[in-house]
Amino acid sequence: MALPELDTAQATAPAPARAVRPTRTRATALPEVRWAALAALAFLAAFPLDLAGAPGWAWGPLYAVCYAAGGWEPAVAGLQALRERSLDVDLLMVVAAIGAAAIGQYLDGGLLIVIFAVSGALEALATRRTADSVRGLLDLAPATAVRLTAAGEETVEATALVPGDTVLVRPGERLPADGTVLNGTSDIDRASITGEPLPAPAVPGDEVFAGTLNGSGALRVRVDKDPGDFVVARIVALVEEASATKAPTQLFVEKIEQRYSVGVVVATLALFGLPVAFGADLTEALLRAMTFMIVASPCAVVLATMPPLLSAIATAGRHGVLVKSAVVMERLGAIDRVALDKTGTLTEGAPRVTAVRGDATALALAAAAELPSEHPLARAVVAEARARGLRVPEATDFAAEPGQGVRAVVDGHDVRVRRASGTHGDTAVEVVVDGAPAAVLELSDRLREGAAEAVAALGRLTGTAPTLLTGDNAGAAARIAAEAGIDDVRAGLLPHDKAEAVREWERAGAKVLLVGDGVNDAPALAAAHTGVAMGRAGSDLALETADVVVVRDELGAIPAVVALSRRARRLVVQNLVIAGVCIGALVVWDLVGHLPLPLGVAGHEGSTVLVGLNGLRLLREAAWRRAEKAVA
Ligand code: ADP
Ligand code: MG
């Protein structure tokens, strides 16, 4: 069960990030937009002819085109929904338009159809922009794999793998392709395939599957199937998750919408039937009932929630922040406390060995044991051994203990590299060979650019000073905390200690935003109200567990995206108020006074489009700049 010997290896650095150039679908490429445009054009052609008193054959067909172009899609969808015993507003609007036409109010029905189609197009646009930005981010951070070749290891895009390749899968990494374990032992979380979150053991000869997450061992895997389809499927799944998951407010609105729509239909029938039964004028009763149905329909309410949240996701995406769903975008703005991990999060995650105390040959053994590890410290140890020209021997029986260190058998010795006990001014790890301490390696990492500003901004946003949660020793933690401007420091934490700290705050009523990168941060990321992972430094496990991924590791984007989420939440509330007030006022006017049908249609549709456009404001570039300014 030997892991590959890589003493001559020249590890290739991951491909440099490409410029952000998210593909932007043209609005006119969306069928919803084209149908809405056709409906609007037909309406604009018909309406002056109609008003000028031209004969019916001149404007009639134009209205027909308008009704058909704008109405067929919601009619089909509405009928389908009806077959599943649910009533949606779309259908009410189509019925209202046809009803209006039936009593000769072609213009009102047409206006209804046009504005209805336009608001549908606005929502489709927000959804599409979201998908574009998520796809752009995934292009920016392609899934990579470590391919083993005769010359050593190289980092390649997962799509470049072919059957027969051998890949090294480090702890917490996602399997890049279907394959067979050649050597190493680990446990694999198959939740992404079976939905069963129980890790299953993986030993040589076992079949493993693309997309599953490796546990704390390292595996050498032979690729059996071309990963191309899988990678594409994953991207599609992520994009869908981002744009199709509905925010809690939206789900609530939709639940209410059902009963409300039924109520509107019942009230409409009563409003028509009762007066007629008591001898009122038929046309007048019909007009009043129809006006009621139109103005009482919750179109604007339905359009209040998703466009602002989807627009905010798209805008965040263009600035390197992947917010995984509308649910997350809505929750994000509620956070009131922040905790950050140290190594790889506040620091660059590219430490260097600054001193080797004790037996210098232990460095080679340590490097051998660290080679299969994904940890930033491990990379530093391997780099130092190579820089000193040491031969890094072959390791077997590798195992990692997240937050503590690694263990492996090297040249027949039991080698452990682990957190050094005692206080140190810097990060220190101890190399223990066959149970005896052999050396202490000191490592130093630099604070990320902009870390102090981001910490200060997060403190101002939440009104609570951020906390540093780290597995490193108190000395190293204090040094980085001082540089980053953090007073509240908790050091020496194991992964479950970090999660427990988060849970404790949550129990006390706080909504915690946790920022982390490592396998050791995953439990805390899962426990937090919102988990944020660093995209470049982060392990696949952290990326998978987090709700938000900062693709280019810019800490400064975190306070900005929180501010953007808060603005989106405010817009949702604003929209709901606009929608509610308009519906209320128009309904009262219709019931108590006399609301002319055209005015009812204009008021109702006007408020719907206003609400839709209000949400799309967050698509603009200025929305991000404003969010940045809000936290500066
Ligand atoms: P942080 O919380 O700062 O990101 P970790 O929890 O990943 O750090 O690690 C905590 C400590 O455990 C490290 O400072 C180091 O002493 C030790 N450690 C963890 N992983 C390794 C490893 N692969 N090699 C050596 N030491 C490690
Ligand atoms: Mg870390």
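Buried means under 20% relative accessible area, exposed means over 50%, and partly exposed covers what lies in between. The exercises below use these words for a predicted model.

**Exercise 1.** Determine how the salt-bridge partners E483 and R479 are placed, and whether each of them is buried, partly exposed or exposed.

Step 1. E483 and R479 form a salt bridge in which the closest N and O atoms are 3.1 Å apart. Side chains of opposite charge can pair when their charged atoms come close.

Step 2. Because E483 and R479 are 4 residues apart in helix α16, about one helical turn separates them.

Step 3. R479 has a relative accessible area of 27% and is therefore partly exposed, and E483, with 39%, is also partly exposed.

Step 4. Elsewhere, R129, D132 and R135 are joined into one network by salt bridges that share partners.

**Exercise 2.** Classify the partners in the salt bridges R147 with E154 and K246 with E254 by their accessibility.

Step 1. Between R147 and E154 the closest N and O atoms are 3.0 Å apart. R147 has a relative accessible area of 17%, so this residue is buried, whereas E154, at 26%, counts as partly exposed.

Step 2. Between K246 and E254 the closest N and O atoms are 3.2 Å apart. K246 is partly exposed with a relative accessible area of 34%, and E254 is partly exposed with 24%.

Step 3. These pairs belong to a count that comes to 26 salt bridges.

**Exercise 3.** Describe the surroundings of ligand 1, beginning with the residues that come nearest.

Step 1. There are 21 residues around ligand 1, and of these E370, H375, T470, K498 and N520 come nearest. The shell divides into 5 nonpolar, 10 polar and 6 charged residues.

Step 2. The elements α12 (342–346), β14 (405–410), β15 (413–419) and β16 (427–433) each supply at least two residues of this shell, and β16 gives the most, with 3 residues.

Step 3. An N or O atom in the side chain of T343 is 2.7 Å from an oxygen atom of ligand 1, while a polar backbone atom of G403 is 3.0 Å from an oxygen atom of the ligand. A nitrogen atom of ligand 1 lies 3.5 Å from a polar side-chain atom of S373.

Step 4. On its own, ligand 1 has 550 Å² of accessible area, and the protein covers 98% of that.

**Exercise 4.** Locate D472 and name the side chains that it contacts.

Step 1. D472 lies in the loop between β18 (467–469) and α16 (474–484), and its relative accessible area of 10% means that D472 is buried.

Step 2. The side chain of D472 makes a polar contact of 2.9 Å with that of K342, and another of 2.4 Å with that of T427.

**Exercise 5.** Find which residues make the nonpolar surface patch and which helices supply them.

Step 1. W35, L38, V65, W72 and V76 make a patch of about 430 Å².

Step 2. Helices α1 (31–51) and α2 (56–83) each supply at least two residues of the patch, and α2 gives the most, with 3 residues.

Step 3. L38 lies in helix α1 and, with a relative accessible area of 37%, is partly exposed.

Definitions and conventions:
Residues are numbered from 1 along each chain as its sequence is written. Chains are lettered from A and ligands numbered from 1 in the order in which they are written. This is a predicted model: local features need pLDDT of at least 70, side-chain atom pairs count only at pLDDT 80 or more; totals for chains, interfaces and linings use all residues. Side-chain values use heavy atoms; hydrogens and water are left out. A residue is near a molecule or strand if one of its heavy atoms lies within 4 Å of it. A polar contact is a pair of N or O atoms within 3.5 Å; within protein, one must be able to donate a hydrogen and the other to accept it, and residues adjacent in sequence count only if both atoms are side-chain atoms. Accessible areas come from the Shrake-Rupley method with a 1.4 Å probe; for residues, only the protein chains shown count as cover. Ala, Val, Leu, Ile, Met, Phe, Trp, Tyr, Cys and Pro count as nonpolar, Asp, Glu, Lys and Arg as charged, and the others, Gly among them, as polar. Patches are made of residues with over 30% relative accessible area and no salt bridge: like charges are joined within 9 Å, nonpolar side chains (Val, Leu, Ile, Met, Phe, Trp, Tyr) within 5 Å. A salt bridge is a side-chain nitrogen of Lys or Arg within 4 Å of a carboxyl oxygen of Asp or Glu. Buried means under 20% relative accessible area, exposed over 50%, partly exposed in between (1.4 Å probe, protein chains only).
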